[in-house]
Amino acid sequence: MITIGKANDNEYVVNDPSVSRHHARLTYEEEGHWILEDLGSTNGTFVNGIQIARKQVTSKDVIKLGESYVLNLAEVLKANNDYSEEFAALKQVYDNYIQAKIKIQSSNQFKTRLLQSLPFALPGIIGVLIGFSGKGSPALFAISLFITICAPTVGIYWGAKQSAKIPKLLQDLTNQFKIDYVCPKCGTFLGEIPWESLRNRKHCPVSSCKAKWVSE
């Protein structure tokens with residue numbers, strides 16, 4: 001809970017003549033929402049231009065206290081060391097990373113196997129075609145023999161080349177993940193720990209940070 005007003009005993013102090021001493025209160029609900037409540041202020045509390053007594057709010061809402069003071073919700077939460085909204089956004093970052101990683105690995109494995117196995121099938125296909133044509137000429141036999149020897153070698157080469165792309169693609173993905181999957185306050189990389197596991201910790205483990213990841 002965060003109280004807002006001119007009095008120094010508020011968690012968030014506002015120096016504005018039209019704001020009451022104890023003007024409003026922000027309360028976090030278990031569902032993950034912030035509720036803004038007017039505490040009987042003299043000049044009222046407004047959300048998106050409408051006066052309210054109690055309303056769910058997000059950082060996208062325009063909140064005005066009194067006649068002119070615009071309250072920045074994100075700033076209020078940070079004053080309370082609360083980074084729950086920014087931390088919640090990291091779930092999508094983690095999910096996207098895992099999905100992209102699986103896609104790279106599965107896609108490249110399929111291409112590698114295809115390139116390595118298809119050439120081995122070519123001699124058989126050509127043999128079938130020769131049989132159906134009824135032409136057992138030395139020239140066709142020579143071509144079939146050439147493909148039998150060379151095609152697998154080419155397939156193995158291209159398969160290995162395709163396989164070699166995987167580490168580079170994964171490294172690029174990991175490098176970007178290390179930039180995006182960080183504590184929203186101190187910027188410490190959070191490793192490949194699932195978002196749900198980090199959420200259970202509730203705050204950043206860095207002693208100099210201790211940003212709140214989950215509001216209580």
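Welcome to the tour: there are seven salt bridges to look for in this structure, which is a predicted model. We will visit some of them and then turn to the cysteines.

**Stop one: helix α2**

Begin by selecting residues 84-133, which make up helix α2, and pick out Lys91 and Asp95 within that helix. Their side chains meet in a salt bridge, with 3.0 Å from N to O. The two residues are four apart along the helix, about one turn. Now show the surface. Lys91 is partly exposed, at 30% relative accessibility, and Asp95 is also partly exposed, with a relative accessible area of 23%.

Keep that pair on screen and add Glu196 to your selection. Lys91, Asp95 and Glu196 are linked in a network of salt bridges.

**Stop two: a link across the chain**

Next, select Glu192 and Lys101, whose side chains form a salt bridge of 3.5 Å, N to O. Where in the chain do Glu192 and Lys101 lie? Glu192 is in the loop between α3 (138-180) and α4 (195-201), while Lys101 is in helix α2. With their positions 91 residues apart in the numbering, this pair links distant parts of the chain. Glu192 counts as partly exposed at 41% relative accessibility, and Lys101 is partly exposed with a relative accessible area of 23%.

**Stop three: helix α3**

Move on to Asp172 and Lys168, and display their side chains. They meet in a salt bridge at 2.8 Å, N to O. Because Asp172 and Lys168 are four residues apart in helix α3, about one helical turn separates them. Is Lys168 buried or exposed? Lys168 is exposed, with a relative accessible area of 52%, whereas its partner Asp172 is partly exposed at 37%.

**Stop four: the cysteines**

How many disulfides does the structure hold? The count is zero. Select Cys183 to see one cysteine that is in no disulfide: the nearest cysteine sulfur belongs to Cys186 and is 3.7 Å away. A disulfide would need the two sulfur atoms within 2.5 Å, so the 3.7 Å between the sulfurs of Cys183 and Cys186 does not qualify. Cys183 is buried, with 1% relative accessibility.

Finish by selecting Cys209, which is in no disulfide either. The nearest cysteine sulfur to Cys209 is that of Cys186, 3.7 Å away. Cys209 counts as buried, at 5% relative accessibility, so you may want to hide the surface to find this residue.

Key: Residues numbered from 1 in each chain as written. Predicted model: local features only at pLDDT ≥ 70, side-chain atom pairs only at ≥ 80, totals over all residues. Heavy atoms only, no water. Salt bridge = Lys/Arg side-chain N within 4 Å of Asp/Glu carboxyl O. Buried < 20%, exposed > 50% of the residue type's maximum accessible area, 1.4 Å probe, protein only.
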